[in-house]
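This report describes a protein model, moving from its overall dimensions to single residues.

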Amino acid sequence: MVLSLSAKGLTHGQIEQNIFRGSSRSAVVPRVFGGQVAAQALVAAGRTVPGDRTAHSLHSYFLRMGDPGAPIAYTVDRIRDGRSFTTRRVVAVQHGQPIFHLSASFQTYEEGLEHQTEMPDAPDPETLPTAAEMLPRYADRFVDPGVVDRLLEARAAVDLRYVDEPPYGTAGVPREPRSQVWFRANGKLADDSLLHVCLATYVSDMTLLDSVLLAHGRGGWAVGDVVGASLDHAMWFHRPFRADEWLLYDQESPSASGGRGLGQARIWTQDGHLAITVIQEGVVRVPRG
């Protein structure tokens, strides 16, 4: 059986029971993109769960940089199968060493108490520039101008639009530690709830630490004024959504210290439903010398 995150060009095949194999697409930097590993690990976990149970949370740690030129093996541990909840643990291994660890929980649908906070204001995504329109404007600010083409290739399957200037657009000028982007898959996705959850997981690692950079007027790794990597990543899936329809990613950073920065965010459907909560901590360091 071969499983496919076709919207991203990421293939995922089953080697034997509870063991899956993932491949990488071309990388912007010489390491596997963290969102890809998290999404593939969640696919592996989800394919061992009954179809009437959907992911409601994940908690993960990035342990080592992944090699984009080598396959990744995902081993699923079936921790628990309860009446309402199913728990899975996934370890991603490359070159004989674990590079990523994920725990995910799935639940059967049930009625319950219902409330949510209000969606923040944001402009219509269709009025905002696309990545192809925006990124070339900043080519002269990047250490390597060729990164524009690599970013466009890496994000070809996702339409991601910044509400305000990205960190590299205002490098050197500290701003409020908050960022918003709209995103959706480029093209229609199959009616598979796991696919939509996994695509949102993939995108959630793209911009979450932007707000950390904004607070200090840093442009990011492409500008060369900061280096970093994701350390851990947690998500809670509150309500159904489609990743091929517009989703607002509202992000902020409450703290940075000790060479680490924290990002927290909420993802909303365009009609105002709170779909996902995300929290991530990452290494954020100013280069020496």
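The paragraphs below take up the whole chain, then a group of paired strands, one helix, a buried serine and two residues with unusual backbone angles.

The model is predicted, so that local features are given only at pLDDT of at least 70 and side-chain atom pairs only at pLDDT 80 or more, whereas totals for chains, interfaces and linings use all residues. Residues are numbered from 1 along each chain as its sequence is written, and side-chain values use heavy atoms, with hydrogens and water left out.

**Overall form**

The protein has five helices and 13 strands, where helices (H or I, at least four residues) and strands (E, at least two) are DSSP runs numbered from the N terminus. Its radius of gyration is 18 Å, which agrees with the value near 19 Å of a compact globule with 289 residues; this radius is taken over C-alpha atoms, and the globule rule is 2.2 Å times the number of residues to the power 0.38. Along the principal axes, the C-alpha atoms fill a box of roughly 55 × 45 × 40 Å. The accessible surface comes to about 13,700 Å², and 50% of this area belongs to carbon and sulfur atoms (Shrake-Rupley method, 1.4 Å probe; for residues, only the protein chains shown count as cover). Of the 289 residues, 49% count as buried, a term that stands for under 20% relative accessible area, with exposed meaning over 50% and partly exposed in between (1.4 Å probe, protein chains only). Among contacts between residues at least 6 apart in sequence, 71% join residues at least 24 apart, a contact being heavy atoms within 4.5 Å.

**Strand β9 and its partners**

Strand β9 (residues 178-185) is mostly covered, since six of its eight residues are buried. It runs antiparallel to β8 (residues 158-162), to which five bridges join it, and Val158 stands opposite Ala185 in β9. With β11 (residues 247-257), β9 also pairs in the antiparallel sense, here over six bridges, and Gln180 has Asp250 in β11 as its bridge partner. Pairing of two strands requires that DSSP finds at least two bridges between them.

**Helix α3**

In helix α3 (residues 147-154), the buried residues are Val147, Val148, Leu151 and Ala154. Seen down the axis of α3, they fall within an arc of 130°, so they line one face of the helix; the arc is that of the directions from the helix axis to the C-beta atoms. These buried residues pack against α4 (193-204).

**Ser230**

Ser230 lies in strand β10 (residues 227-237) and is buried, at a relative accessible area of 19%. Its side chain makes polar contacts with the side chains of Asp205, at 2.9 Å, and of Gln280, at 3.4 Å. A polar contact is a pair of N or O atoms within 3.5 Å; within protein, one must be able to donate a hydrogen and the other to accept it, and residues adjacent in sequence count only if both atoms are side-chain atoms. Leaving aside residues up to four places away in sequence, Ser230 touches Phe62, Asp205, Gln280, Glu281 and Gly282.

**Positive phi angles**

The table sets out two residues that have a positive phi although neither is a glycine.

| Residue | Phi | Loop | Relative accessibility |
|---|---|---|---|
| Asn18 | about 75° | between β2 (10-16) and β3 (19-22) | 18%, buried |
| His95 | about 55° | between β6 (85-94) and β7 (97-108) | 61%, exposed |
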